[in-house]
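Colleague: I am new to this structure and would be grateful for a close look at a single part of it, namely the open sheet. Please explain how its strands are arranged and what surrounds them.

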Amino acid sequence: MSNAGANPDAHPLARSVSFKRSDKTATWTPKAGSLLDFAEDSGIAMDYSCRSGECGTCSAFLLEGEIAFYSDPDEKFGPGLHKTCCSFPKTDIVLDA
Ligand code: FES
């Protein structure tokens, strides 16, 4: 059975990601990668440096929802502020970006 023409928004892991300051919402799926990759592909300008979870430059406040990390995060940036280069949405989310 072919998935050609399938609605990508129908992916079982599809999540709505809203970038509040940019007033933009898009649908994330696992092939979109990290929240940083997804933001860039969605036209959202995000600061970054290492892209490997080391520097914290890519951090953004999570305003609503839950995210998960590809590896254990170093949570030293305070509540709600998370590294977008090594995380992905677990639920529909709103980022302050
Ligand atoms: S870009 Fe360095 S932690 Fe994300």
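Modeller: Two strands are said to pair if DSSP finds at least two bridges between them. The model is a predicted one, and in it an open sheet of 5 strands follows the order S2-S1-S7-S3-S5, with mixed pairing. Its edges are strand S2 (24–28) and strand S5 (81–83), each of which pairs on one side only. From one strand to the next, the twist averages 35°.

The sheet may be placed in the chain as a whole. The protein contains 1 helix and 7 strands, and along the sequence they follow the pattern β-β-α-β-β-β-β-β.

Strand S1 (residues 15–19) is a convenient place to begin. With S2, strand S1 pairs in the antiparallel sense over 5 bridges; Ser 16, for instance, has Thr 27 in S2 as its bridge partner. S1 and S2 form a hairpin with 4 residues between them. In that turn, Asp 23 has a positive phi of about 50°. S1 also pairs with strand S7 (residues 93–95), here in the parallel sense and over 3 bridges. Within this pairing, the bridge partner of Val 17 is Ile 93 in S7.

Strand S7 leads on to the interior. Leu 95 is in contact with Val 17, Phe 19, Lys 20, Ala 60, Leu 62 and Leu 63, its neighbours within four places in sequence being left aside. Leu 95 also belongs to the largest nonpolar core, a group of 20 residues in which Ala 39, Leu 95 and Ala 97 have the most contacts. S1, H1, strand S3 (59–64) and S7 each supply at least two residues of this core, and H1 gives the most, with 4 residues. In soluble globular proteins, nonpolar side chains tend to be buried together. Of the 97 residues of the protein, 29% count as buried. Among contacts between residues at least 6 apart in sequence, 52% join residues at least 24 apart.

A word on confidence is also needed. The average pLDDT of the protein is 87, and 82% of the residues score at least 70. Among the elements, helix H1 (residues 35–41) has the highest mean pLDDT, 98, and strand S4 (residues 67–69) the lowest, 89. Over residues 1–5, by contrast, pLDDT stays under 50, and the model has 0 contacts for them beyond four places in sequence.

Notes. Residues are numbered from 1 along each chain as its sequence is written. This is a predicted model: local features need pLDDT of at least 70, side-chain atom pairs count only at pLDDT 80 or more; totals for chains, interfaces and linings use all residues. Axes are lines fitted to C-alpha atoms, for helices over the stretch in contact, and angles run from 0 to 180 degrees between N-to-C directions. pLDDT is the predictor's confidence in each residue, from 0 to 100. Two residues are in contact if their C-beta atoms, placed from the backbone, lie within 7 Å. A nonpolar core is a set of buried Ala, Val, Leu, Ile, Met, Phe, Trp, Tyr and Cys residues joined through C-beta atoms within 7 Å. A residue is buried if 20 or more other C-beta atoms lie within 10 Å of its own, exposed if 12 or fewer, and partly exposed in between; C-beta atoms are placed from the backbone.
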